[in-house]
Amino acid sequence: MPLARSLSVTSLSGLEEWDEEFDLEDAVLFEIAWEVANKVGGIYTVIQTKARLTAEEWGENYFLVGPYVESNVRTQVELIEPTNPVLKRTIDKMNSSGCKVYFGRWLIEGSPYVVLIDVAFTAWSLDSWKRELWDLCDIGVPWFDREANDAVLFGFLTAWLLGEVTQSEEPPHIVAHFHEWLAGLGLVLCRHRKLPIATIFTTHATLLGRYLCAGSVDFYNKLADFNVDKEAGDRQIYHRYCLERAAAHCAHVFTTVSQITAIEAEYLLKRAPDIVTPNGLNVKKFSAVHEFQNLHAQSKNRIQEFVRGHFYGHLDFNLDKTLFLFIAGRYEFSNKGADIFLEALARLNYLLRVNHSDVTVIAFFIMPARTNNFNVETLKGQAVRKQLWDTAQTVKERFGKKLYESLLVGQLPDVSKILDKEDFTIMKRAIFATQRQCQPPICTHNMLEDSGDPILNCVRRIGLFNSSADRVKIIFHPEFLSSTSPLLPMDYEEFVRGCHLGVFPSYYEPWGYTPAECTVMGIPSISTNLSGFGCFMEEHIADPSAYGIYILDRRYRGVDESCNQLTSFLFQFCKQSRRQRIIQRNRTERLSELLDWRYLGRYYISARHMALAKAFPDTYMYDLHKPTSTSGFRYPRPASVPPSPALSRHSSPRHSEAEDNDEDERYDEDVEAEKDRVNILSTGHNQNYFPGLKKAHVKTPSTEVQ
């Protein structure tokens, strides 16, 4: 589903159109990944969102290859007969040889063709294929590693499929793009069998990198010192590491999703990527100019309703001066930066208290963990809130009826008579129902391992228990958000739109879709210079914080220094007025086109062209001065009014209302956007966006491509 953004009147594009042309009439693209029509990780988002743009480029010659999972196919795939005669013969031959291969359309944007292989149906070949893998590559896969067994089956079946396609009378020029180690074996087999295929391998995060960071090592400072074979062996993933490394070295073109992952791959996989291919999103434009601001207000109101119930009996803070912060993603306590976020919240709580701030911060932790069910106290809070609402509606109806009758007879109402004793009794009973002997809960669910949970243990250590004296409150929601939830009935996108700031101080984050989604929805975010997204924004934006993109330094600072910097970011954000936050959200949303696949998809296009030129040098030629990184275009500092509280007239949050009502400083979004657009165009058009990326030549004499 595309993420929506406002009309281009707020766009600061300045990005040049890309007119790279390649003759694809006689070429076919196969994109192979375990996540095709199979949502098991973040790569699913990459494949799914990129499909529309790729299908527009390749048309009927684009095929996605993935595993057949019946539950997914029933809801996501329309099974049809293959339209391509070569592919139809291939699938029929494989099915007659003891395989089960399905063909259909994936029901997502672009409706790409999918070839789905039932790996379980061919499990009888596992032992013989493992033996062949050992004979060819000296890679042994242990019997107990089910995921690696699936990778072996999927790899051999994929190579079988591609091999059959190349056996046709006039085989097309095939580009096979493999994602991650689970699909990588197919690439290795294609190269070993010398199939005439241009191959690309993309690693979205190295296996060893994930395991090392999960072990709390000083990863980035010791990259050059790791004995990779020993480290992989110690973690019992040596066979997986070998598959990943072999795929990286066998590919014609090797890519990663960010500069930080490129450095990691060079040390751990021993090959520098040929090109960096950042991850994008499908950005849909609204028809109304400021619709995303309206959606923010609507979603914020729904979060406020949940907060009213969660904090019933202790609702002694002003919701209009309450900021909603959140962190979301896999429950990797240190890798995702939840540890320093909690520590920074404790320090922020101290700063807000000693400065007598009237701002309250509620920090949501949306990270799935093992639970029994919803917390009874949390559900009770929502029931009490609903009961209070029903009571207020009942009294309002009784009051309205008496007021109406009084006005009908031409008399001003006597308030003391309109609200009788029964009304006061109903209201008093409702008030007594809100009395609470305990603090509002931290966790919305009953945790299965409460005593060993990292977030809850850290909360106990820093002492943030949602007391009245605390200016920072914490809500841990250990489950993915859903609109069908009886507790917080909101989809993730709705929830993000209602928050004020996303906080993602990750230590290990190869790309970072969560801050990217925040940006597209106009929500400021904090990421780090160890995340692909943070590095990408630092490359493209002269002053990221002015656009609501705060980059935390976790590469060249110690943990305590990074925590202090994060606290400073949070405290400065709390000091912004409502008007300054609106300006900043507008600026953040303007960066959407920078993260759109319409822009970022060109790096994948370049990788495919490079692979074709390397595999078929007699037919295709690619300029050797290829773009190896995303550097080039750079947003200048904004020319419009600055949102930073340090540069504004008032620096204390207590002046918010005064600023909001200051007619002399009325903010006109169209005027400010035009200032920034002119500023960017005048700066950006003097730059060469993609040095070395020239128009490709077709049907040229043979040229050796190194």
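**Salt bridges and sheets in a predicted model**

Four residues, Glu343, Arg347, Arg461 and Asp560, are joined in a network of salt bridges. The model is a predicted one, and in total it holds 33 salt bridges. In general terms, side chains carrying opposite charges can pair up when their charged atoms come close.

A few of the individual pairs deserve a look. Arg193 pairs with Glu132, with 3.6 Å between the closest N and O atoms. Arg193 sits in the loop between α6 (180-192) and β8 while Glu132 belongs to helix α4 (residues 126-137), so this salt bridge ties together parts that are 61 residues apart in sequence. As for accessibility, Arg193 comes out at 34% relative accessibility and therefore counts as partly exposed. Glu132 is also classed as partly exposed, because its value is 30%.

Another pair brings two helices into play. Arg398 and Glu422 meet through their side chains in a salt bridge, at 3.3 Å from N to O. Here Arg398 is in helix α13 and Glu422 in helix α15 (residues 421-433), and the pair links distant parts of the chain, 24 residues apart. Arg398, at 25% relative accessibility, is partly exposed, and Glu422 is partly exposed with a relative accessible area of 45%.

Then there is Arg460, which forms a salt bridge with Asp450; the closest N and O atoms are 2.3 Å apart. Arg460 is part of helix α16 (residues 454-462), whereas Asp450 lies in the loop between β15 (445-447) and α16, ten residues apart. Both ends count as partly exposed, Arg460 at 37% relative accessibility and Asp450 at 35%.

Helix α13 (residues 376-408) turns up again at the surface, since it is where Leu408 is found. Together with Tyr404 and Val409, Leu408 makes up a nonpolar surface patch with about 350 Å² of accessible area in all. Leu408 counts as exposed because its relative accessible area is 58%, and the cut-off for that label is over 50%.

Turning to the sheets, one is an open, six-stranded affair with parallel pairing, and its strands run in the order β16-β13-β12-β17-β18-β19. At its edges are β16 (472-477) and β19 (549-552), each of which pairs on one side only. Neighbouring strands are turned against each other by 25° on average, direction ignored. Within this sheet, β12 and β13 run parallel and are joined by seven bridges; in β13, Thr360 is the bridge partner of Thr322. Strands β17 (residues 501-503) and β18 (residues 525-528) likewise pair in the parallel sense, over two bridges, and Val503 stands opposite Ile526 of β18. Helix α20 (residues 559-574) packs on this sheet, where it touches β12 (322-328), β13 (360-366), β17, β18 and β19, and its direction makes about 160° with that of β19.

Strand β12 is worth a closer look. Seven of its seven residues are buried, so the strand is largely enclosed by the rest of the structure. In a regular strand, side chains alternate between the two faces of the sheet. In β12, Thr322, Phe324, Phe326 and Ala328 point one way, while Leu323, Leu325 and Ile327 point the other way, and all are buried.

The other sheet to describe is open too and has nine strands, in the order β4-β5-β6-β3-β2-β7-β8-β9-β10, but with mixed pairing. Its edge strands are β4 (77-79) and β10 (275-276), each pairing on one side only. At the β10 end, two bridges join β9 (residues 253-256) to β10, and these strands run parallel. Thr256 stands opposite Val276 in β10.

Helices lie across this sheet as well. Helix α1 (residues 43-58) lies across β2 (27-32), β3 (62-67), β5 (101-106) and β7 (173-179), running at about 170° to β2. Helix α22 (residues 597-615) lies across β2, β7, β8 (197-203), β9 and β10, and runs at about 140° to β8.

Note on methods:
Residues are numbered from 1 along each chain as its sequence is written. This is a predicted model: local features need pLDDT of at least 70, side-chain atom pairs count only at pLDDT 80 or more; totals for chains, interfaces and linings use all residues. Side-chain values use heavy atoms; hydrogens and water are left out. Two strands pair if DSSP finds at least two bridges between them. Helices (H or I, at least four residues) and strands (E, at least two) are DSSP runs, numbered from the N terminus. Axes are lines fitted to C-alpha atoms, for helices over the stretch in contact, and angles run from 0 to 180 degrees between N-to-C directions. Contact means heavy atoms within 4.5 Å. Patches are made of residues with over 30% relative accessible area and no salt bridge: like charges are joined within 9 Å, nonpolar side chains (Val, Leu, Ile, Met, Phe, Trp, Tyr) within 5 Å. Accessible areas come from the Shrake-Rupley method with a 1.4 Å probe; for residues, only the protein chains shown count as cover. Buried means under 20% relative accessible area, exposed over 50%, partly exposed in between (1.4 Å probe, protein chains only).
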